[in-house]
Structures are given as C-alpha cells and as structure tokens.
Amino acid sequence: MSQNLLEVHNIKKYFPIKKKLFSKKKEFIKAVDGISFTVKKGETLSIVGESGCGKSTTGRVLMKLLEATEGKIVFEGNDITGLSDDEIRPLRKEFQMVFQDPYASLNPRLTVKEIIEEPLIVHNIDKAKRADRVVELLEVVGLNKYHANRYPHEFSGGQRQRIGIARALAVNPKLIIADEPVSALDVSIQSQILNLLKDLQEKYDLTYIFIAHDLSVVEHISDRVAVMYLGRLVELTTRDELFATPLHPYTKALLSAVPVPDPTVKRNRIILKGDIPSPAAPPSGCTFHTRCPFAQDRCREQIPEFREIEKEHFVACHFAEELGS
Amino acid sequence: MVELKLTKKEAYMQQSMENIKSNTPFSEFWRKFKKQKLAFVSFFFILFLIALAIVGPFIVPYDIAEPDYNNVLTGPTAEHWAGTDAYGRDIFSRIVAGTQISLYVGLTSVFLGALGGTFFGLIAGYYGKKVDAIIMRGCDVLLAFPGILLAIGIIAILGPGLGNVIIAVAIFSVPVFARIVRSSTLAVKSTLYVEATKSIGAVPRRIIWKHIFPGTLSSIIVYFTMRIGSAILTAASLSFLGLGAQPPSPEWGAMLSGGRDYLNIAPHVTIFPGLAIFITVLAFNLLGDGLRDALDPKIKD
C-alpha cells in the first residue's frame, strides 16, 4: 500500500457564537466535530455532505486557513497543527486549494499573468523562469499564452476555473484541496474541468481532496469517498464499495437521491424527514437519529463509534451490520 | 501531454481574443466617467485651475502687492475686471495668484491626511482585534471635535501660519480616511481572492499592498477629491480668522477677511474671492460625486 500523504486525527473546529450580554455560558457552532481520516499519496478522497455539514470548513482547516480547535494534522509525517503563520508559509507550496467560486477567487484587478505568477513570486522563483512557467501553466490547463494579459472578467466560468487550477499548480504542490471546484459551473463545463483535473493528477502525480455535494461528480473522480453529516464522518470507504453497498442509513438516503437518467426506472427513494439540525445544538447520541428511519433508543443515548466494519470500510452506526445485510 | 478539449465557443473566443485590445480597468473607468457631464466639466475646470496655479503669478496683469492709492475700492471696470481693494490692488490678479495657495494647501493637507489615514485604516482593518480597537477609538476621539475647532486647537498649539494650517487640516483628515479605508479593507479582506492569496502563502504585507490597497483605492480617490473641497474651505476659514495666511498674502480667505470692513460700500472686495472659493470647492465636490459614480462597481450601465 502507498504511504499516507496526510493524516487527520480527530480535528474539531468550533466557532463561538456571540455571547449575549450578562450570559456567562459560551456557545459554539460545532462545524467540524472530531473527524479522522488518512489520504494516501496519489489518490482522490472525496468529502461529500449536504450544505452546512462542515465539509468546506474541513477543507479550510486542512489548508490552515482556519486554526483547528482540537486535533492533529500530519502532512508527510510532520505535525503541522501548531505551526504559526510564519512557520507554515514555506510549507504552503506543498498543498494548494482550488476554490468553489471562480468568479470571486480571482482578483478582478490583476491580469491572468499576475494571478498565476503570484505563487511563484511568493515562493521566490526567479523572474526569468516565471514568465515561461506562466505560459507553460496556461497551456497545461488548456488556455494559451494570449490569455496572459487579460483580466478575469473577460473569461467564462470554466476558463476562470482553469486559471484557478493553473494558480494552484504553479508551485508544483503534492496535495490539492478542491472545494466544490465544479459546483458553480454549467453541467457541460463540469465534465471538462473534471477531466482536466484527472489528467493533471496522472501527469503530476497529484493527490486530491475533493469536496463536493454532487454524488455523480464524486463517482466520476474519486478513489475513496467520505460522507459527512453535521460535522462528523458517518462513512468512509472506496468509491465502488460506497456506491454498491452503502452501510450508513444517511449514505443510503443520499445515494437514493441521485437522479437516474432513465424515466422508466422506478426508484426506491428514501426521503429523510425534517431538516438538518443546528450544529450549535446537535442531537444527543448519534447526530443522525432525528432523521434516521431505523433509529432506536440506543441511538439517542450513545454516540456510535467510527469503526472499520470491513476492510477499508468505516461506518459510524450502531446497526451497520444489520442494515448492511 | 494533457489533452486539451475546448468547446467550439471557447476556441472561437480564444481566436477573437487574440485580436481585440484588452479592456483595462482604466479604460472602463474612463468610459463611465465621460458620461458624468458635470463631473467631466469640473475635471477640466480643475485642470485649468492647476495650470493657473503654476503659471498664474507670471501672467497676472498687475503686481499683486503694489498698492495704487489712486484706485482704491473701485468697482469692476475694464481695467480692473474684479475691481480693486482698500489699497488699490487689482482683485482679479490677486485671485489668480491666490489659486496657487489654495490648491497647494488643499492638495498637500489632504494628501498627508490620506497617507496617514490609509495607513492606519489598512492596519486596523487587516489586523483587527486590539490594533483595530486602539486605532479606531483614537479616530473617534479626533472625530468628536468639530473639524474647524480641532484645527483652531492645533493652530493654537503650533502658532498661526500657512504651514501649520496644512498640518492642522491633515491631522483632522486622518480619522476620516482611516474610517473609510478600514471599512473597505474589511470588505476586501473577506473576499475569496484574498483568502486564495493567503492559501498561496503570501505575507501580510503583500496581501495588503497588492490586493487590499487596490481594492480600497477607489473610495480613497473619491474621498480625496471631496476632502480637497472642504480642506480649501477650512484653510480659507482659518485665514479669514487670521490664523492661516497673513496679509498681504493673496490667500482667498485672507482677502475675504480684508474686505469685511467695506462690505457696505465695496461688496466686490469680498464677493469675488468668495466666488473663487465657492466655484473651486463646488468643482471638487462635483468631481468627487462623478468619480464615485464612475468607480462604484455596483452601478453598471
């Protein structure tokens, strides 16, 4: 088995809610509430979940854009959790991020050349090499050198996302965290960007953490998939395993909601009742018990352990064995 | 090599883009600005004033300091377009010569104020927390004084004179700019592209200078222009009160003050310098308004 590029141990991210006057009790939004996983070199790990489940926060914590409240992040064997901004800066060229919104993630006042060149300047690459590298990167992502002197507003969403990818690639990172890189794009463009990401992975031996809410996108690109619900991982396994035999009831519900492009197929949809509970006051025990069709008393009291039921198949559910069969 | 798959549309765009000249943000701004008729006129008027400030003292028809006791307090005539003052000096020549002083005071004081205010605003907005609290409470204290009173106070400490007027106006411009810049900084700081730059590993100085400062520049320019008007007004007021430029300097406020005693018999002595102040301040304000409309990204045509 290949080595682990990234290990995440029980990270938590709590955001304090504004305290009310005179009230001493501090309350927190538990955006990420103790998740652990490992990412192997060269693989694509997807993190899926509905809006507000903490998947983007997880990405930002891994990028060290947010400081984890608790837990440990180990990158290539080095613990990077406690490092200050100055200490982490030189390491940043090892992991880069592609953002969700290609319209907001590029500075409208800079030309494409300046945008792509920026990481090179930040990491002290020679001026002479920079110009060549920019042209090279533009071509790698399917643009050309004539685009270098234009401004982001002159590009379509798909082209902008290509620019964002070129920027992330500039310093030859090992890990790219892609935070919903295609969800802001037209469906027709999505597949182009996904194929580009796949090609780049092969070419440069990249490792991806792919954050998404669209399961069909995830199915296309991932090696392994982690499903998140309310700040916790509920299931983590290989893609084929997850799509074939999901064990957690939440995963089952998610998969049953994926549209099937065949009107004659009668689908057996699992409709979840209710809304996602507030992460400020998550339900006791298993956080999913309020919406779980199989919930029992035990689920309300006891937090299920995130355990390896089969090889490479982790689930956080008390009744995974029974539900699986 | 990675397979490049471009749609027909993208390929077409690529082709056409090679030929079309790029729209820089400046050309975009200029196109919008030209539509603001009043501001556009004001802009050229101000350019004219600046030209006048440079060459004015050399082209005026009369000596601005030489008294002429044969023509005291005469009204506007063909020889003296704006009449003469109590010493027989040509008022039109003095106004033209005074342009230099007013513009110099207005521009330098606001420039110094903007420089300080922008610095504090960027620091306060970017670092937040304690730094922000200390800087902004300091600004609140300064803003609690009425502007002219603060200026009088500062001049009381430093002593009267044009140089000190500049310092006084600059000091009370600092908190105004600090506030404006801080609020734009907060807005720009929360954008995704600043976060993206952070994730690249850029140092704060680079983020502030390359990404946040350009984002605040449009509001700085607008306020800069607007503040020049009020700085000229304040400088004139201080001179009128005898705290700024001293006679016989042809400063417009000092000229107003000099004409005050003859308001009944020779109103032109005050009217013309007053008009000069009025039109100049108005031009700067209109230009500021126009710039705001042209620079505001929310107003799309």
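**Figure 1. Glu76(A), a partly exposed residue in a loop of the predicted model.** The relative accessibility of Glu76(A) is 35%, so this residue counts as partly exposed, a class that runs between the 20% limit for buried and the 50% limit for exposed. Glu76(A) belongs to the loop that joins β4 (70-75) to β5 (78-79) in chain A. Its phi is near 50°, which is a positive value in a residue other than glycine.

**Figure 2. Leu230(A), a buried loop residue with positive phi.** Leu230(A) sits in the loop between β9 (224-229) and β10 (232-238) of chain A. Although Leu230(A) is not a glycine, its phi is positive, at about 50°. Its relative accessibility is 5%, so Leu230(A) counts as buried, the cut-off being under 20%.

**Figure 3. Lys12(A) and the residues it touches.** Lys12(A) is part of strand β1 of chain A, which covers residues 4-16. With a relative accessibility of 19%, Lys12(A) counts as buried, because buried means under 20%. Leaving aside residues up to four places away in sequence, Lys12(A) touches Val32(A), Asp33(A) and Gly34(A), as well as Ala68(A), Thr69(A) and Glu70(A).

**Figure 4. Chain A as the setting of these close-ups.** The secondary structure of chain A consists of eleven helices and twelve strands. For its 325 residues the globule rule gives 20 Å, and the radius of gyration of chain A is close to this at 21 Å, so chain A is as compact as a globular protein of that length. Along the principal axes, the C-alpha atoms fill a box of roughly 65 × 60 × 45 Å. Buried residues make up 52% of the 325 in chain A. Of the contacts in chain A with a separation of 6 or more, 64% are between residues 24 or more positions apart.

**Figure 5. Surface and charges of chain A.** Chain A exposes about 14800 Å², and 50% of this area comes from carbon and sulfur atoms. Chain A carries 45 positive and 44 negative charges, whose mean positions lie 5 Å apart.

**Figure 6. The annotated span of chain B.** An unreviewed UniProt entry gives the annotation "domain: ABC transmembrane type-1" for residues 99-288 of chain B. In the model, this span is 84% helix and 0% strand. The C-alpha atoms at the two ends of residues 99-288 are 20 Å apart.

Conventions: Residues numbered from 1 in each chain as written. Chains lettered and ligands numbered in written order. Predicted model: local features only at pLDDT ≥ 70, side-chain atom pairs only at ≥ 80, totals over all residues. Heavy atoms only, no water. UniProt positions renumbered as here; feature names shortened; annotations may be inferred. Helix = DSSP H or I, 4+ residues; strand = E, 2+ residues; numbered from the N terminus. Rg over C-alpha atoms; globule rule 2.2 N^0.38 Å. Buried < 20%, exposed > 50% of the residue type's maximum accessible area, 1.4 Å probe, protein only. Contact = heavy atoms within 4.5 Å. Areas by Shrake-Rupley, 256 points an atom, 1.4 Å probe, with all protein chains shown as cover. Lys, Arg positive; Asp, Glu negative; His and termini not counted. Charge placed at Lys NZ, Arg CZ, Asp CG, Glu CD.
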